[in-house]
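Biologist: Before we talk about terms, could you put the model in front of us?

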Amino acid sequence: MNASLVTRRIFAALLLFTAAAAWAQPQQAQQGFEPHVGQEGKDVVWVPTSQALVDKMLDLAKVTSRDSVIDLGSGDGRTVITAAKRGARAMGIEYNPDMVELSKRNAEKAGVADKVKFVKADLFETDLSQATVITMFLLNTINMKLRPKLLDLKPGTRIVSNTFTMGDWHADETATAGESEYYNTALLWIVPAKVEGAWKLAQGELVLKQTFQMIDGTLKSGANSTPITKGKLRGDQIQFSAGGADYSGRVSGGAMEGTVKTGGSTAAWSATRTKP
Ligand SMILES: C[S@@+](CC[C@H](N)C(=O)[O-])C[C@H]1O[C@@H](n2cnc3c(N)ncnc32)[C@H](O)[C@@H]1O
């Protein structure tokens, strides 16, 4: 099915949901705020992620009690609450104050009120630096606006999106869940360390070019220049091959170190940055 047909079907489904909810509203008004699918949000309407996909998104990001999770545009709080049930510290950023109050009530009912925080705020103005995991169900355009800020987060920070992509920053992993054919895909990105530039190592000079998590370049040793192949970053973990040797290691600011396998032998290697 082509993309525009999918988009039209999604919008048609949304319109149907919205119309049904509008019809149902007068009966709900007496009982306080009830969200309806398709209701207006500041930058994107509210459509909840299915619980199956929430679980899959948190699985893909391997969320544990050591994590600090932020859901951008947290809706009724389901992702935050599910993360808290896994023991993580979890915070929801939501612009609609009614949704924020609803999330707090939902957290209370789920018995995790003391483990979560819901903040009425604009996701574009929120400090994300403390998060180890960011979850979102927004739009491609919003993801692209957020992308520079996300790429500047600590290497290794995991970002999981329901369905929407990050342009030419391709996902490290994807998975699907749930019965619906819409909004059933989780995409995971791991913020890569920044390695572009020149590095000095015992084997020579390494000159790296970086496109998000992909790297290429050359390893220069005397008059020899060998192309880098299979270069990849996963957070602060780096791997590449050059001249028949397979390098793997860890990047920490201006230094890298690890092991290099050549034929049957393994040795240690390290490098320091000489030029950004
Ligand atoms: C598609 S819903 C996703 C809700 C929830 N994350 C989920 O997956 O079930 C997007 C949510 O973002 C909220 N939102 C839209 N623009 C926002 C903004 N600028 N700042 C914070 N929240 C926003 C909407 O009110 C809505 O609740």
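Modeller: Ala, Val, Leu, Ile, Met, Phe, Trp, Tyr, Cys and Pro count as nonpolar, Asp, Glu, Lys and Arg as charged, and the others, Gly among them, as polar. By that scheme the lining of the largest pocket divides into 14 nonpolar, eight polar and eight charged residues. This is a predicted model, in which local features need pLDDT of at least 70 and side-chain atom pairs pLDDT 80 or more, while totals for chains, interfaces and linings use all residues. Residues are numbered from 1 along each chain as its sequence is written, and side-chain values use heavy atoms, with hydrogens and water left out.

Biologist: What makes a residue part of the shell around the ligand, and which come nearest?

Modeller: A residue is near a molecule if one of its heavy atoms lies within 4 Å of it. The shell holds 20 residues, of which Asp43, Thr49, Gly73, Glu94 and Leu123 come nearest, and it divides into nine nonpolar, five polar and six charged.

Biologist: Why is the approach of the Asp43 side chain to a nitrogen atom of the ligand called a polar contact?

Modeller: A polar contact is a pair of N or O atoms within 3.5 Å. An N or O atom in the side chain of Asp43 is 2.7 Å from a nitrogen atom of the ligand, so the pair qualifies. The side chain of Thr49 likewise has an N or O atom 2.5 Å from an oxygen atom of the ligand, and a polar side-chain atom of Asp122 lies 3.0 Å from a ligand nitrogen atom.

Biologist: Which space does the ligand take?

Modeller: The ligand takes the space of the largest pocket, where a molecule counts as sitting in a pocket if more than half of its atoms lie within 2 Å of its grid points.

Definitions and conventions: Polar contact = N/O pair within 3.5 Å; in protein donor to acceptor, adjacent residues only side chain to side chain. 1 Å grid on protein atoms, 1.4 Å probe; cavity = no way out; pocket = protein on both sides within 12 Å on 5 of 7 lines; lining within 4 Å.
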